[in-house]
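Subject: Structure for you to look at

Hello,

I am passing on the structure we talked about. Please open it first; my notes follow below.

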Amino acid sequence: MSEATGASPKPRGTRTGFTTGACSAAAARAAVHGLMLGVIPARIESQLPNAQRVEFAVCEPYCQPPGEDGRVMLARAVVVKFAGDDPDCTDGARLTAELQRLPGRAGWIEITGGAGVGVVSLPGLGLPVGEAAINPKPRANIEANLREVAGSLLAQDGLRVIISVPGGEEMARKTHNARLGILGGISILGTTGIVKPYSTAAWRASVVQGVQLAASLGQRNARSIVVLTTGGRTEQFAMREYADLAPGAFVQMGDFLRYALDEAAVRGIRQVVIAAMVGKLTKIAQGETITHANRAEVDTRLLAGLAAGIGASAEDCAEIEANPTARFAAERMAERGLHLAFHQALAERTVHTLCDPQVGRYAGRFSLQVLVCDFDGQKICAARSAAADPQLANLPLQPVAADDEEQD
């Protein structure tokens, strides 16, 4: 189990875990010790993408006997994923890193996938078609850990890193990977390295508590605002946009938009900001206020309609509708020079869905601003609703249908 060493026990429902990417990086870092020293440690300190350093337990160590030149050419290590309290089919997965020394290729690091790691078969995922589904952040994190400890090896030789997951193909059947065009296994994911329990009642409660704190700050400083973000990158982006706000005004809502917006309405917050990227934003625009990946698919017909509305060709619109990812739509529109117009239309559709007097659950409750950023956390555009309506702001919210409740 790859929990942080020395961490005080936490009640169930609040425990964080580690991503497949973080576990893969730790396994690779352990295995490179085997190439260099002939011994793989039982525990390894690894740096996460968010710069936090965590100690992981290492199991199933293997080092090939040294050759005639005294060099170990192959080593392997495993880190077992601990997902915390986030329901996750990869909890307990054995993230395996096999490292091969590449003689004479000084400084070279090659990262690929083995058994149980999916292969990308469709565009729109930010990875080339045909490549292992190891996302850019985990790739960079694996390489950073190796370069930190293997300087002497890399001065002469290169490294081939093969990440595999025994049973990964079976795990992938419990995900939407096949629909997204990731075939044959799971994805290696993680932008921070930490898995937060977004899908638990405790996390929902923390979102509500965060909005309450923002409301309290607003009462004290006469600025009633909460900034809702979907994760770490969007929070960093929003904090740059609203650099004058106290940290308590920012709430990482994860997938729980409805809980955050309902609480904002109940607390009388007059300005709400949502910072998001194209995937989550599409789900919000289509009316999903619980945006977990297992809950609803992206409505690609909506995206195709937005593309048509800004002048995209019928052929492009058909391809957008046929591809299961919102990212594909964004990238195709960027290729056509319609990047800004597409995101602007999506932001405005999101405002309409949430705040239009005819259809929006939050019409008149607060002024809503939608901020859109790209995958590097850079601003693309923004859209804004009308100001809050004093006659509507304090009316009770309508109950949500039973089948719209979040399922853990």
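**The surroundings of helix α9**

The buried residues of α9 are covered by several elements, including α8 (257-266), β16 (271-276), α10 (300-309), α12 (326-335), α13 and β17 (367-373). Please keep in mind that this is a predicted model.

Helix α9 itself spans residues 278-285. Of its 8 residues, 6 are buried, so the helix is largely enclosed by the rest of the structure. The buried ones are Val 278, Leu 281, Thr 282, Lys 283, Ile 284 and Ala 285. Just after the helix, Gly 287 has a positive phi of about 105 degrees.

**α9 against α13**

One of the elements covering α9 is α13, which runs over residues 339-355. The axes of the two helices are 8 Å apart, and the packing angle is about 40 degrees. Angles from 65 to 115 degrees count as roughly perpendicular and those under 35 as roughly parallel; α9 and α13 are therefore oblique to each other. The crossing of α9 past α13 is left-handed. On the α9 side the contact is made by Val 278, Leu 281, Thr 282, Ile 284 and Ala 285. On the α13 side it is made by Phe 342, His 343, Leu 346, Ala 347, Arg 349, Thr 350, Thr 353 and Leu 354. By type, the residues of this contact are 8 nonpolar, 4 polar and 1 charged.

Which residues does Leu 346 touch, leaving aside those up to four places away in sequence? They are Val 278, Leu 281, Thr 282, Ala 285, Leu 302 and Leu 306. Leu 346 lies in α13 and is buried, with a relative accessible area of 0%. Its C-alpha atom is 7.1 Å from that of Ala 285, although the two residues are 61 apart along the chain.

**Residues to look at elsewhere**

Two residues have a positive phi without being glycine. Ala 51 has a phi of about 80 degrees and sits in the loop between β2 (43-47) and β3 (53-57). With a relative accessibility of 48%, Ala 51 counts as partly exposed. The other is Glu 60, whose phi is about 50 degrees. Glu 60 belongs to strand β4 (residues 59-63), and it too is partly exposed, at a relative accessible area of 40%.

Ala 178 is part of helix α5 (residues 177-180). Is Ala 178 buried or exposed? It is exposed, since its relative accessible area is 54% and the cut-off for exposed is over 50%. Between the C-alpha atoms of Ala 178 and Val 120 the separation is 9.5 Å, with their positions 58 residues apart along the chain.

**The chain as a whole**

The chain has 408 residues, and 51% of them are buried. Its secondary structure consists of 13 helices and 18 strands. Among contacts with a separation of 6 or more, 67% join residues 24 or more positions apart. The exposed area of the chain is about 17,800 Å², of which carbon and sulfur atoms supply 52%.

Regards

Definitions and conventions: Residues are numbered from 1 along each chain as its sequence is written. This is a predicted model: local features need pLDDT of at least 70, side-chain atom pairs count only at pLDDT 80 or more; totals for chains, interfaces and linings use all residues. Side-chain values use heavy atoms; hydrogens and water are left out. Helices (H or I, at least four residues) and strands (E, at least two) are DSSP runs, numbered from the N terminus. Buried means under 20% relative accessible area, exposed over 50%, partly exposed in between (1.4 Å probe, protein chains only). Contact means heavy atoms within 4.5 Å. Accessible areas come from the Shrake-Rupley method with a 1.4 Å probe; for residues, only the protein chains shown count as cover. Axes are lines fitted to C-alpha atoms, for helices over the stretch in contact, and angles run from 0 to 180 degrees between N-to-C directions. Angles under 35 degrees count as roughly parallel, over 145 as roughly antiparallel, 65 to 115 as roughly perpendicular and the rest as oblique. A crossing is left-handed if the near helix is turned anticlockwise from the far one by less than a right angle, and right-handed if clockwise. Ala, Val, Leu, Ile, Met, Phe, Trp, Tyr, Cys and Pro count as nonpolar, Asp, Glu, Lys and Arg as charged, and the others, Gly among them, as polar.
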